[in-house]
Amino acid sequence: MALRRLFTATVYRNCQIRPGYWRADLDLDSSGCEAFSEVQPGQFAELRVSDISLPPAQEVPANLRDLAQRNIILRRPFSFCDVHAGPKGIRIGVLYCVLGPATVRMMSLARGDQVSLIGPLGKGYTVSPEKKYALLLAGGMGAPPLMHLGEYIRARYPEVTPIAFLGARSLEHLPYDVHIDNEKGAYAAEYDRIGVESHIATDDGSIGFRGFVTQCVEQWLKEQAIQPEEAGLYSCGPEVMLAATVALADKYGIACQVSMERMMACGIGLCQSCVVATKGKGETGPYKLCCMDGPVFDGKDVVFE
Ligand SMILES: Cc1cc2nc3c(=O)[nH]c(=O)nc-3n(C[C@H](O)[C@H](O)[C@H](O)COP(=O)(O)OP(=O)(O)OC[C@H]3O[C@@H](n4cnc5c(N)ncnc54)[C@H](O)[C@@H]3O)c2cc1C
Ligand code: FES
């Protein structure tokens, strides 16, 4: 397990990838290599954003102008969409959705700026090398850790084929560069680049499969006549979608891991703000900490709200 540490990262790049969605690439020096060399997809970092200045008013989305003025006391958790060796250490990709005071400030990060982060934190996904298929189910901003997982599997588990199923309410809520191809149908360019097949589902049918991403996976499972022991489900997204993923996994007898999201005040097990109810008993009772015991849990252990 990678050791968590406090780092000062240097911004290499920060750019908008789609309206409302940004990507920041952060460089860590050689000490980051040690801490992040064994990072698991699904782990995360706590970023300090309180000292980042607000972007010019005209660049702040109109619906967030009041909210953006709020003071930020707590660090914010972000997972990684990729982690690569950089020229001087390690480079971490953070894909973020602008929805409140912290993420508005992050829009103003520029090359050379410094950001304090603590990481890597929590427990990520465990890949089952004996499964032929790793089915990655992302709902909305569940995208980043699964992008990392797809690339991680491609690099370390050549015998496992990752296939991504990417869902959102509609096209504008998909944090990807989406393309349509006669043969492949709708797919995400980001996944194409890392050699991972992707399928798109939107609730309103504005692109790709019309319906929930879990329905899209179910159709695929039926078409491919997959045996339960051949596949593992890895999921991240809104809780209602995670609950539907676990129900699907249960129906087909497929192993399933889910990444839970909670408000996290500390990220290191001190504040107890991030509890997840589980079916376990044990010493800690049924409640687990999302930041320490998760955010990735075995789907069958979680009690959904
Ligand atoms: C383990 C983990 C990994 C994450 N990875 C990413 C990532 O890769 N990219 C990304 O864009 N976001 C990610 N998030 C969510 C991210 O932390 C929040 O979007 C961010 O803190 C918002 O800060 P803000 O000040 O801009 O908005 P806030 O004002 O804090 O929040 C805006 C709105 O979002 C809701 N919200 C904020 N944080 C959470 C949360 N943790 N759970 C549920 N609702 C929340 C608030 O209730 C509010 O309605 C992750 C969260 C966790 C717990
Ligand atoms: S965020 Fe503080 S205990 Fe989990």
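**Exercise 1.** In this predicted model, classify the residues of the shell around ligand 1 as nonpolar, polar or charged, and state which elements supply them.

*Solution.*
Step 1. Sort the shell by residue class: 14 residues are nonpolar, 3 are polar and 3 are charged.
Step 2. Identify the closest residues. Ligand 1 is surrounded by 20 residues, and the closest are R76, Y96, G100, A102 and T103.
Step 3. Assign the shell to secondary structure. At least two residues each come from strand 4 (76-79), strand 6 (90-97) and helix 2 (101-106).
Step 4. Find the largest share: strand 4 provides it, with 4 residues.

**Exercise 2.** Give the strand order of the open sheet of 7 strands and name its edge strands.

*Solution.*
Step 1. Write the order, which is 13-12-9-8-14-15-18; the pairing is mixed.
Step 2. Look for strands that pair on one side only. These edge strands are strand 13 (209-210) and strand 18 (296-298).

**Exercise 3.** Describe how strand 14 is joined to strand 15, and which strands helix 5 and helix 6 touch.

*Solution.*
Step 1. Take the strand pair. Strand 14 (residues 231-236) and strand 15 (residues 255-259) run parallel and are joined by 5 bridges.
Step 2. Locate a residue opposite S235: in strand 15, this is V258.
Step 3. Place helix 5 (residues 213-224). This helix packs on the sheet and touches strand 8 (133-139), strand 9 (161-168), strand 12 (197-202) and strand 13; the directions of helix 5 and strand 9 make an angle of about 145°.
Step 4. Place helix 6 (residues 239-252), which also packs on the sheet. Helix 6 touches strand 8, strand 14 and strand 15, and its direction makes about 170° with that of strand 15.

How values were computed:
Residues numbered from 1 in each chain as written. Chains lettered and ligands numbered in written order. Predicted model: local features only at pLDDT ≥ 70, side-chain atom pairs only at ≥ 80, totals over all residues. Near = placed C-beta within 6 Å. Nonpolar A, V, L, I, M, F, W, Y, C, P; charged D, E, K, R; others polar. Pairing = 2+ DSSP bridges. Contact = placed C-beta atoms within 7 Å. Axes fitted to C-alpha atoms, helices over the stretch in contact; angles between N-to-C directions.
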